[in-house]
Amino acid sequence: MPHIALIPAAGIGSRYGAATPKQYAPLLGTPMLQHTLNLFAANPRIAHIAVIIAPADHWFAQAITLPPNASVHPQGGDTRAQSIANGIAHLLAQRIIQPSDTLLVHDAARCCLPQSALNRLLDALDNDPHAQQHGALLAIPVADTLKRQAAPQLAHSVQTIPREGIWQAQTPQAFQAALLHRALSQSDLSQITDDASAVEQLGLQPALVTGDSRNIKLTRPDDAALAEYFLQQAA
């Protein structure tokens, strides 16, 4: 089955504090989103890259050079989950993808994904029957001690949460296009924090594939220095 990278890039990322939407902020002189597209374009196992942007996006055409195997689609919604749902519906309707294709949904702000981690996920999708049926995602076991605070506005520690069996989800998260389309169609998208959570609501159990600590999601301005370091090391 062809592997298709789906990159939702319709958000603003206000916590990042950039003058443009976060995905267009520069890292080493190149927009964050461009780094993300380049890493998928560099992997010969990715057949196509589909980027979902906001309908009113006027930065993409000026800032981004599409790889030869990529396309851009202004179907973005108000939330990440809505952008993905809209994007899949559009790509299926236009026959850019097929229901049996595997979609690797990846955050535009995770531009430091190592090829080794991406290939581990692709290996699972190619060789593991469970991952082929249930989907799979990159994740890393939680190493730090976890604390629960007393209340939303009261930052007092009231409980230590056992970390055994707890993983921190990353992206890509990969599912057959028809499966993810069905999962998002049946979910309350306001409650969906990642693609795997929608699939889990169908009673499926996506495979956990060991990710990489370098696969950070840029959220705040001080994340940029670490991302630039990782990008320099990978160059």
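**Legends to the close-up views**

**View 1. The lining of the largest cavity has 5 nonpolar, 4 polar and no charged residues.** Here Ala, Val, Leu, Ile, Met, Phe, Trp, Tyr, Cys and Pro count as nonpolar, Asp, Glu, Lys and Arg as charged, and the others, Gly among them, as polar. This is a predicted model, in which local features need pLDDT of at least 70 and side-chain atom pairs count only at pLDDT 80 or more, while totals for chains, interfaces and linings use all residues. Residues are numbered from 1 along each chain as its sequence is written, and side-chain values use heavy atoms, with hydrogens and water left out. Rolling a probe the size of a water molecule over the atoms shows where empty space is left. On a 1 Å grid over the protein atoms alone, a cavity is a set of points where a 1.4 Å probe fits but cannot get out, whereas a pocket is an open set with protein on both sides within 12 Å along at least five of seven lines; lining residues have an atom within 4 Å of a point. Grid points are joined across faces, edges and corners, and a volume is the space filled by probe spheres set on the points. The count comes to 1 cavity of 30 Å³ or more by this rule, and the volume of the largest cavity is about 50 Å³. Look around its wall for Met1, Thr102, Leu125, Ala131, Gln132, Gly135, Ala174, Phe175 and Gln176. Helix H5 (129–134) and E10 each supply at least two of the lining residues, and the largest share, 3 residues, comes from E10. Helices (H or I, at least four residues) and strands (E, at least two) are DSSP runs, numbered from the N terminus.

**View 2. The largest pocket holds about 740 Å³ of space.** It is lined by 31 residues, and Gly11, Lys22, Arg80, Asp107 and Lys217 are the closest to its centre. Strand E1 (3–9), helix H3 (80–93) and strand E10 (167–176) are the elements that give two or more residues to this lining. E10 provides the largest share, with 4 residues. Sorted by class, the wall of the largest pocket has 11 nonpolar, 12 polar and 8 charged residues.

**View 3. The second largest pocket encloses about 270 Å³ of space.** Of its 14 lining residues, Cys111, Cys112, Leu113, Leu231 and Ala234 lie nearest the centre. At least two residues each come from helix H1 (32–41) and helix H8 (223–234), with H8 giving the largest share, 5 residues. This lining divides into 9 nonpolar, 4 polar and 1 charged.

**View 4. Strand E7 (residues 136–141) is largely enclosed by the rest of the structure, because 5 of its 6 residues are buried.** Buried means under 20% relative accessible area, exposed means over 50%, and partly exposed is in between (1.4 Å probe, protein chains only). Two strands pair if DSSP finds at least two bridges between them. E7 and E10 run antiparallel and are joined by 5 bridges; follow Ile140 across to its bridge partner in E10, Gln168. With strand E11 (residues 207–210), E7 pairs in the parallel sense over 4 bridges, and here Ala139 has Thr210 as its bridge partner.

**View 5. Strands E8 and E9 form a hairpin with 2 residues between them.** E8 (residues 146–151) and E9 (residues 154–161) run antiparallel, joined by 5 bridges. Within the pair, you will find Lys147 opposite Thr160 of E9.

**View 6. Leu66 sits in the loop between helix H2 (60–63) and strand E5 (70–73).** Its relative accessibility is 31%, so Leu66 counts as partly exposed. Apart from neighbours within four places in sequence, Leu66 is in contact (heavy atoms within 4.5 Å) with Leu37, Val51, Phe60, Ser71 and Val72. Ile49 is 17 residues from Leu66 in sequence, and their C-alpha atoms are 9.2 Å apart in space.

**View 7. The chain that frames these views has 8 helices and 11 strands.** Its radius of gyration is 18 Å, close to the 18 Å that the globule rule gives for 235 residues, so the chain is as compact as a globular protein of that length. This radius is taken over C-alpha atoms, and the globule rule is 2.2 Å times the number of residues to the power 0.38. Along the principal axes, the C-alpha atoms fill a box of roughly 50 × 40 × 35 Å. Buried residues make up 48% of the 235 residues. Among contacts between residues at least 6 apart in sequence, 67% join residues at least 24 apart.
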